[in-house]
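This report is meant for someone meeting the structure for the first time. It goes through the sheet, then the nonpolar cores, and then one helix in more detail.

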Amino acid sequence: MNYTELSDAIQAYTENTSSTFVAEIPVFITQAEQRIYNSVQFPSIRKNVTGNATSGNKYLSAPSDFLAVYSLAVIDSDGVYEYLLNKDVNFIRQAYPQPTDTGIPRYYALFGPTVNVSTVTDELSFILGPTPDAAYNVELHYYYYPESITTAADGRTWLGDNFDTVLLYGSLVEAYTYMKGENDMMALYNQKYMEALALAKRLGDGMERQDAYRSGQFRQQVT
């Protein structure tokens, strides 16, 4: 389902084609996308980037679209990956109290907003422990919000192509909330959304995390 098809379906289901309503459809969809992406850990909401840790600097800036860490690794001069363990800031401060406590980083923590000179930015940063004793390449796998179907150049996204049901009913819940619709229809759309979300979780949090060789094939008990 592309954006045009989704927009047309929302108008058809709600029987609302007013200009003010149609103008709000992108908002309904982006709100639904955000709810879905925060409910199901699809592989499509993960991204990989590489960067650099600077010698003597224990802070590392996060990407501008960063939401949460999937994994963070430091790559040594031999190309060996050292995956860092997530800790609290107070653990790193306690374990490595001095900036001169240097070595290859073993731990990281979300530190807070990045500060450029005296300006606090919207981007977050990491603190590493110990302080890097050399310049290291780092590889970050992280969660982010993929481009919305409302702004995609071709009007298509992974979610719209592969699980349009949850996107449609999630958008209808947002649309009917905007319309202040009847309680029974709101309950129906919400029920349909939760049913579709359960199937999406089966895919994103279940089927995409196993295979028949490792986990065996799914078998329904025969009664």
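Is β10 mostly covered or mostly uncovered, and how many of its eight residues are buried? Strand β10 is mostly covered, with six of its eight residues buried. The model described here is a predicted one, and this strand is a convenient place to begin reading it.

**The sheet**

Four strands make up an open sheet, arranged in the order β1-β10-β3-β4 with antiparallel pairing. At the edges are β1, covering residues 46-53, and β4, covering residues 81-83, each of which pairs on one side only. Between neighbouring strands of this sheet the average turn is 25 degrees when direction is ignored. The pairings can be set side by side as follows.

| Strand pair | Bridges | A partner pair |
|---|---|---|
| β1 and β10 | eight bridges | T50 and E139 |
| β3 and β10 | seven bridges | I75 and N137 |
| β3 and β4 | three bridges | A73 and Y83 |

Strand β10 runs through residues 136-143, while β3 takes in residues 68-75. A further place where β3 and β10 meet is at A68, which stands opposite Y143 in β10. The hairpin of β3 and β4 has five residues between its strands, and within that hairpin G79 takes a positive phi near 85 degrees.

**The nonpolar cores**

The largest nonpolar core holds 30 residues, and those with the most contacts inside it are I10, L159 and V166. Four helices each supply at least two residues of this core, namely α1 (3-14), α2 (19-37), α5 (164-179) and α6 (183-204). The largest share, eight residues, comes from α5. Apart from this core lies another one, made of 16 residues, among them L60, Y108, Y142 and Y144.

Which residues does V166 touch, once its neighbours within four places in sequence are left aside? The contacts of V166 are then I36, L159, Y193, A196 and L197.

**Helix α5**

Helix α5, which supplies the largest share of the largest core, has a long list of buried residues: V166, L167, L168, Y169, G170, S171, L172, V173, E174, A175 and Y176. The list includes the polar or charged names S171 and E174 alongside names such as V166 and L172. What covers the buried residues of α5 includes α1, α2, α4 (158-162) and α6.

Why does the end-to-end distance of α5 agree with what its length would suggest? Since α5 has 16 residues and 1.5 Å is allowed for each, the helix should span 22 Å, and its end C-alpha atoms are indeed 22 Å apart, so the two values agree. Just after α5, K180 takes a positive phi of about 55 degrees.

Taken together, the description returns to two elements: β10, which is bridged to β1 and to β3, and α5, from which the largest share of the largest nonpolar core comes.

Note on methods. Residues are numbered from 1 along each chain as its sequence is written. This is a predicted model: local features need pLDDT of at least 70, side-chain atom pairs count only at pLDDT 80 or more; totals for chains, interfaces and linings use all residues. Side-chain values use heavy atoms; hydrogens and water are left out. A nonpolar core is a set of buried Ala, Val, Leu, Ile, Met, Phe, Trp, Tyr and Cys residues joined through side-chain atoms within 4.5 Å. Buried means under 20% relative accessible area, exposed over 50%, partly exposed in between (1.4 Å probe, protein chains only). Contact means heavy atoms within 4.5 Å. Two strands pair if DSSP finds at least two bridges between them. Axes are lines fitted to C-alpha atoms, for helices over the stretch in contact, and angles run from 0 to 180 degrees between N-to-C directions. The expected span of a helix is 1.5 Å times one less than its number of residues.
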